[in-house]
Amino acid sequence: QAAYLCPRLTSKKKCPICEHRQLLMREDAAENEDMIKNISPKERQLFNVRNLKEPDKGIQLFDLSYHLFGRLLDARIRDSDEEDEWDLFYKLEGGLTLKVGFVDKSFGGYSFVEAETIDFKTRKEDYDEEFLDQVFNLDELLKEEEYKVLKEKFLESADDDDDDDDEPKAKKKKP
């Protein structure tokens, strides 16, 4: 299943998938419950990760639901003492290494991992500026599709009545 950035949540633009979800909810939310859930935006996070147990793999991209990792990370930082500076764990100099314990889970026929524990450990040595040459530029990885392109991909075919505009046509007001 393909994943796309939601223009409505990302940049406050119109989103054809959100519009379709709203239509399904207006028609019959109970009957369309599964479809509505499947096309609802999901909060995901991307991290550059260096697994110290497998350093030969280099920097890896870690893509996970906020609810399976980020929520626990936020809670650990929020509940820490200010002088611990856990909120600065990502810094090259004086940063910390995260030791994360994951558990295997399954739900609805899908298997996944969820963070169960997160510890903040002092690094043995700081990272230098050259370390940044190894990481993925997360801003460049994320691409927001134009309205028309996203609509075509979502519907799996081009709309015959749309012209070349990238934005939806304005709704006509009833007299």
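Where is K12 found, in terms of the elements that flank its loop? K12 is found in the loop between α1 and α2, and it is one of the residues taken up below in this briefing on a predicted model. The protein has 6 helices and 4 strands, which follow one another from the N terminus in the order α-α-α-β-β-α-β-β-α-α. The mean pLDDT of the protein is 88, with 89% of its residues at 70 or more.

**Confidence along the chain**

- Among the elements, the highest mean pLDDT, 97, belongs to helix α4 (residues 70-78), whereas the lowest, 90, belongs to helix α3 (residues 33-39).
- Over residues 157-175 the pLDDT falls below 50, although in the model this stretch still has 19 contacts beyond near neighbours in sequence.

**Overall build**

- Of the 175 residues in the protein, 22% count as buried, and the accessible surface comes to about 13900 Å², with carbon and sulfur atoms accounting for 48% of that area.
- When contacts between residues at least 6 apart in sequence are considered, 46% of them join residues that are at least 24 apart.

**The largest nonpolar core**

- In soluble globular proteins, nonpolar side chains tend to be buried together.
- The largest nonpolar core here has 11 residues, namely F62, L64, L68, F69, L73, W86, F89, L96, A115, I118 and F120.
- Two elements, β2 (59-65) and β4 (110-122), give two or more residues to this core, and the largest share, 3 residues, comes from β4.
- F62, a member of this core, touches Q45, L46, F47, V49, F69 and F102 when residues up to four places away in sequence are left out.
- Apart from this core lies another one, of 8 residues, which includes C6, C15, L24 and I36.

**F120 in strand β4**

- F120 lies in strand β4 and, with a relative accessible area of 12%, is buried, because the cut-off for a buried residue is under 20%.
- Leaving aside residues up to four places away in sequence, F120 touches L73, R76, I77, W86, F89, L96, T97 and L98.
- One of these partners, W86, stands 34 residues from F120 along the chain, yet the C-alpha atoms of the two are separated by 7.0 Å.

**Helices α2 and α4**

- Helix α2 (residues 16-28) has 13 residues and reaches 19 Å from its first C-alpha to its last, which is close to the 18 Å expected at 1.5 Å a residue.
- The buried residues of α2 are P16, I17, C18, R21 and L24, and what covers them includes α1 (7-11), α3 and α6 (147-155).
- In α4, the residues G70, L73 and A75 are buried, and the buried residues of this helix pack against β1 (44-50), β2, β3 (96-107) and β4.
- L73 therefore appears both among the buried residues of α4 and in the largest nonpolar core.**Cysteines C6 and C18**

- The count of disulfides in the protein comes to 0.
- A disulfide is a covalent bond between the sulfur atoms of two cysteines.
- The sulfur of C6 has its closest cysteine sulfur in C18, at 3.5 Å, and this is too far for a bond because the cut-off is within 2.5 Å.
- C18 is likewise in no disulfide, the nearest cysteine sulfur being that of C6, 3.5 Å away.
- C6 counts as buried at 11% relative accessibility, and C18 is buried as well, with a relative accessible area of 5%.

**Loop residues with positive phi**

- Most residues other than glycine have a negative phi.
- K12, in the loop between α1 and α2, has a phi near 60°, a positive value in a residue other than glycine.
- K12 is exposed, with a relative accessible area of 75%.
- E85 has its place in the loop between α4 and β3, and its phi, near 55°, is also a positive value in a residue other than glycine.
- E85 counts as partly exposed, at 45% relative accessibility.

Conventions:
Residues numbered from 1 in each chain as written. Predicted model: local features only at pLDDT ≥ 70, side-chain atom pairs only at ≥ 80, totals over all residues. Heavy atoms only, no water. pLDDT = per-residue confidence, 0-100. Contact = heavy atoms within 4.5 Å. Buried < 20%, exposed > 50% of the residue type's maximum accessible area, 1.4 Å probe, protein only. Areas by Shrake-Rupley, 256 points an atom, 1.4 Å probe, with all protein chains shown as cover. Core = buried A, V, L, I, M, F, W, Y, C linked by side-chain atoms within 4.5 Å. Expected span 1.5 Å × (residues − 1).
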